[in-house]
Amino acid sequence: MTTVFIATSNAHKVEEIRGILGGPDRVFLSQGDAPVRLEPDETGATFRENARIKALTWATYLAMEVCNLGARWVLADDSGLEVDALDGAPGVHSARFAALDTGRRGNSPDAENNAKLLRLMAGIAPARRTARFRCALALTPVLAGADAAAMAAATRDFEGVCEGALLEHPSGRGGFGYDPLFVPQGWDRPFAELGAEVKNRLSHRARALEALRDAWDRE
Ligand code: IMP
């Protein structure tokens, strides 16, 4: 039995990761199972750097004998939306896109982020509304007694991308974040309408997790 600690408090991400990576020999824990709240500043310029910051913060904590929850691995996801007409924004700022204007700390409600995105995209024709979701995963082994540098050296990175386009109005109640606006390539409805089963086959997170699962299966 292998225990994987998912370094997120986003219940939607946990559910998607469990849905894709789950199996009889894997147990998943997430931030809600830990007795502390660690909220590292996501100061990286890329999704990959931010995923590593989150994975290493938690792996360093769990590597202390008194803090270990039986976790063998820490898995962190950093992800977001890149819109071509906005030169790749919101990118690494996807979770706090609306708050960038107000200076408020922390993430913004999904509805505020979506409203800002629609405002910036007003009047942009369908053909120019292309975008992609990108997901970086960092997988760090919890090495008892090791320092952050040793665990950073042992960290592995995986990435997944899902191309698509943005609607002019939100639609659907499933998923989270920008799902009501994002129509994956080859489909005519947004993730929020397509349901978990379809999203877990197509999404950026699904693709990154498949790469991770393949690497695990090869070991
Ligand atoms: P993070 O938790 O710092 O990685 O921020 C991720 C943000 O990107 C979320 O708050 C969403 O706004 C957006 N995002 C990432 N993945 C998805 C997805 O699968 N659907 C919709 N929005 C997503």
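This dialogue walks through the pockets, the ligand and two backbone features of a predicted model.

Visitor: How do I read empty space in a model like this one, and how much of it lies in the largest pocket?

Guide: Rolling a probe the size of a water molecule over the atoms shows where empty space is left. Here, the largest pocket holds about 1200 Å³ of space. Its lining counts 42 residues. Closest to the centre are Ser9, Glu42, Lys54, Ala95 and Asn107.

Visitor: Which helices and strands supply at least two residues of that lining?

Guide: Four helices and a strand do. The helices are H1 (11-21), H2 (47-62), H4 (110-120) and H8 (204-218). The strand is E3 (73-83). E3 gives the largest share of the lining, four residues.

Visitor: How does the lining of the largest pocket divide by class?

Guide: Sort the residues into nonpolar, polar and charged. The lining of the largest pocket has 17 polar residues, 14 charged and eleven nonpolar.

Visitor: Now the ligand. Which pocket does it take?

Guide: The ligand takes the space of the largest pocket. Look next at the shell of residues around it. That shell has 17 residues. The closest are Lys13, Asp179, Lys199, His204 and Arg205.

Visitor: Which elements supply at least two residues of the shell, and which gives the largest share?

Guide: E3 and H8 each supply at least two. The largest share, four residues, comes from E3. Recall that E3 also gives the largest share of the lining of the largest pocket. By class, the shell has eight charged residues, five polar and four nonpolar.

Visitor: What should I look for in polar contacts with the ligand?

Guide: Look for pairs of N or O atoms within 3.5 Å. Then ask whether the protein atom belongs to a side chain or to the backbone. Lys199 places a polar side-chain atom 2.7 Å from a ligand oxygen. Glu42 does so with a polar side-chain atom at 3.2 Å from a ligand oxygen. Ser79 uses a backbone N or O atom, 3.1 Å from an oxygen atom of the ligand.

Visitor: How much of the ligand does the protein bury?

Guide: Start from the ligand taken alone, which exposes 490 Å². The protein buries 92% of that area.

Visitor: What about the second largest pocket: how much space lies there, and which residues line it?

Guide: About 160 Å³ of space lies in it. Its lining includes His12, Glu15 and Glu16, along with Gly174, Gly175 and Asp179. Phe191, Ala192, Gly195, Ala196, Lys199 and Asn200 line it as well. H1, helix H6 (191-194) and helix H7 (196-202) are the elements that give two or more residues to this lining. Its classes are five polar, four charged and three nonpolar residues. Two names return from the ligand shell: Asp179 and Lys199 are among the residues closest to the ligand.

Visitor: Last, the backbone. Where is the cis peptide bond?

Guide: Check omega. A cis peptide bond joins Ala89 and Pro90, with omega about 0°. Pro90 is found in the loop between E3 and helix H3 (99-102).

Visitor: Which residue other than glycine has a positive phi?

Guide: Asp87 has a phi near 55°. Asp87 has its place in the loop between E3 and H3.

Conventions: Residues are numbered from 1 along each chain as its sequence is written. This is a predicted model: local features need pLDDT of at least 70, side-chain atom pairs count only at pLDDT 80 or more; totals for chains, interfaces and linings use all residues. Side-chain values use heavy atoms; hydrogens and water are left out. On a 1 Å grid over the protein atoms alone, a cavity is a set of points where a 1.4 Å probe fits but cannot get out, and a pocket is an open set with protein on both sides within 12 Å along at least five of seven lines; lining residues have an atom within 4 Å of a point. Grid points are joined across faces, edges and corners, and a volume is the space filled by probe spheres set on the points. Ala, Val, Leu, Ile, Met, Phe, Trp, Tyr, Cys and Pro count as nonpolar, Asp, Glu, Lys and Arg as charged, and the others, Gly among them, as polar. A residue is near a molecule or strand if one of its heavy atoms lies within 4 Å of it. A polar contact is a pair of N or O atoms within 3.5 Å; within protein, one must be able to donate a hydrogen and the other to accept it, and residues adjacent in sequence count only if both atoms are side-chain atoms. Accessible areas come from the Shrake-Rupley method with a 1.4 Å probe; for residues, only the protein chains shown count as cover. A molecule sits in a cavity or pocket if more than half of its atoms lie within 2 Å of its grid points.
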